[in-house]
Amino acid sequence: MSERSWKEIPIGGIIEEAGNADSYETGSWRTYRPIWDAEKCIHCLACWIACPDSSILLEDGKMVGIDYAHCKGCGICAFECPDKISALEMVLETDAAAAK
Amino acid sequence: MARRLTLTGNDAAAEAMRQIDPDVVTCFPITPQTELMHKFADFVADGEVKAEMVLVESEHSAMSAAVGAASAGARVMTATSANGLALMWEIVYIAASNRLPIVMPVVNRALSGPINIHCDHSDTMGCRDTGWIQLYSENAQEVYDNILQAILIAENPDVLLPVMVTFDGFIISHTVEVLDALEDKEASDWVGEYKAMYTLLDTEKPATFGPLDLQDYYFEHKRQQIEGMSNATGVIKSVGKAYEKLSGRAYGMTERYMTDDADYVVVALGSTCGTAKVVVDEMRAEGKRVGLLKIRSFRPFPHAEIVAGLASAKAIGVLDRSVSFGAPGGPVHKEILAALSGTGHQTSIVNYLYGLGGRDISLDHIRSVFEELETVAGKTIAPNEVRFIGLRG
């Protein structure tokens, strides 16, 4: 995002461009990272429905991964994932980064 | 042609609102503002205005509804007093930050506690840093005139800030005075149509209002607000000049009442200025060179006009009707000290605290201020040497 002077931006915090939340990456806010297990996933899409940041990535109606550039790590996806399936697990971001 | 009316301050405010006929008026009652909205509600019920009146459950909601309606592009007004203003505080700040030109009469009343319904300036002085423009009124005429001018000041594209028009509870709000009002057509032509720069309802040009604004842009948005407030000084003056052409009544940032050659000047705002003018007239008749510097616009603060108005003064008495606890003097006093600092103007400045909780200030009190100023000229007065008027010792 280019950083503009106070003389160049709309007043009052107005954002004139619709749908530009995509260009604002909030992934660095995360404390816990959802880790997705593709083998366990039954593609019920409960996580996709509930994710407040549209960070569950789909292709042809099936989950293919997580958008870590925008996922804030709220954990709703792991909560909504059926208990019997448990395809999503929340891992401390530092542990996840160390494991990588 | 002027219409000569006999109204209370509250009814004068309601009369201005009737003529403005805002798109939306949000309302929650509180003494001594209640009669203002009561009167306006009559106009709504009688079909004399088209305004959408939104009755809410608290002042926090009144200001929230005002912010919502203003974001939708409406011309919006509300009104409150004291604890009501305190309750809406959070949203008062947001209204200014979102650059919404809401106009709000505030009927000055002491903040609790102990609970008190009478006049002092603790309510509006407490939110002098919220980003609202503040115009103080001396009498019912100025209440009416300030509200009509506030619409144009707030909505000016170089300003786009909300305006509080303040007037003293009971002293002005419930006292019947004679005033001149514009004809309805004159008033509606004066305020014209408001066209918001952005509106929530414009689906052709969708925008986001009040988004998260962190380390990267919040500071820039505050800088813009500083600019809007700075621009307001020129706009308040030009609107005042235009209004003088329309009404014959002149308005500026301050009113200098016999200050040009005055040795001793009292600085005040609100209804006390009327009392002080009587004392100035009496003492002038006795050959004393005394004057009154009335502050009309407290935000933005009129530094240049203050310096000019106090140029000849050997001693200055600053009257504060609210406390800034822990600070050397009251809010007005601090601004006067700041305005004169660095100007090289050598003068003795005395701070007087008066009128808290509606305690009366009389002609004799103000005369005694002038008499004390005569004795302190040339002396250095420490900023924390505050005098109390009308307090039992």
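Two strands pair if DSSP finds at least two bridges between them. The legends below describe close-up views of a predicted model.

**View 1. Strands β10 and β11 of chain B lie side by side in parallel.** Strand β10 (residues 264-268) of chain B is joined to strand β11 (residues 290-295) of chain B by five bridges. At one point of this pairing, B:Val265 stands opposite B:Gly291 in β11(B). Strands of a sheet pair through backbone hydrogen bonds, either parallel or antiparallel.

**View 2. An open sheet in chain B is built from six strands.** Their order is β9-β11-β10-β13-β14-β15 (chain B). The pairing is mixed. Which strands form the edges? They are β9 (254-257) and β15 (387-388) of chain B, and each pairs on one side only.

**View 3. Helices α10 and α12 of chain B pack on the sheet.** Helix α10(B) touches β9, β10, β11 and β13 (315-320) of chain B. The direction of α10(B) makes about 165 degrees with that of β11(B). Helix α12 (residues 331-340) of chain B touches β10, β11, β13 and β14 (348-353) of chain B. The direction of α12 of chain B makes about 145 degrees with that of β13(B).

**View 4. Helices α10 and α13 of chain B cross.** Two packed helices are described by the angle between their axes and the distance between the axes. Here the axes of α10 (residues 272-285) of chain B and α13 (residues 363-376) of chain B come within 9 Å. They cross at roughly 60 degrees. The two helices are therefore oblique to each other. The crossing of α10(B) and α13(B) is right-handed. From α10(B), the contact uses B:Thr275, B:Ala276, B:Val278, B:Val279 and B:Met283. From α13(B) come B:Leu363, B:Ile366, B:Arg367 and B:Phe370. By class, the residues of this contact are seven nonpolar, one polar and one charged.

**View 5. Two domains of chain B meet.** The domain assignment gives domain 1 (3-247) and domain 2 (254-388) of chain B. Their C-alpha centres lie 28 Å apart. In the contact, 26 residues of domain 1 of chain B meet 20 residues of domain 2 of chain B. On the domain 1 side, α6 (122-126), β6 (133-136) and α9 of chain B each give two or more residues. Helix α9(B) gives the most, with five residues. That side has 13 nonpolar, nine polar and four charged residues.

**View 6. Chain B touches chain A.** The contact takes 18 residues from chain B and ten residues from chain A. On the chain B side, helix α9 (residues 218-247) of chain B supplies the largest share, four residues. The chain B side divides into seven nonpolar, six polar and five charged residues.

Conventions:
Residues are numbered from 1 along each chain as its sequence is written. Chains are lettered from A and ligands numbered from 1 in the order in which they are written. This is a predicted model: local features need pLDDT of at least 70, side-chain atom pairs count only at pLDDT 80 or more; totals for chains, interfaces and linings use all residues. Two residues are in contact if their C-beta atoms, placed from the backbone, lie within 7 Å. Ala, Val, Leu, Ile, Met, Phe, Trp, Tyr, Cys and Pro count as nonpolar, Asp, Glu, Lys and Arg as charged, and the others, Gly among them, as polar. Axes are lines fitted to C-alpha atoms, for helices over the stretch in contact, and angles run from 0 to 180 degrees between N-to-C directions. Angles under 35 degrees count as roughly parallel, over 145 as roughly antiparallel, 65 to 115 as roughly perpendicular and the rest as oblique. A crossing is left-handed if the near helix is turned anticlockwise from the far one by less than a right angle, and right-handed if clockwise. Domain bounds come from an automatic or database domain assignment.
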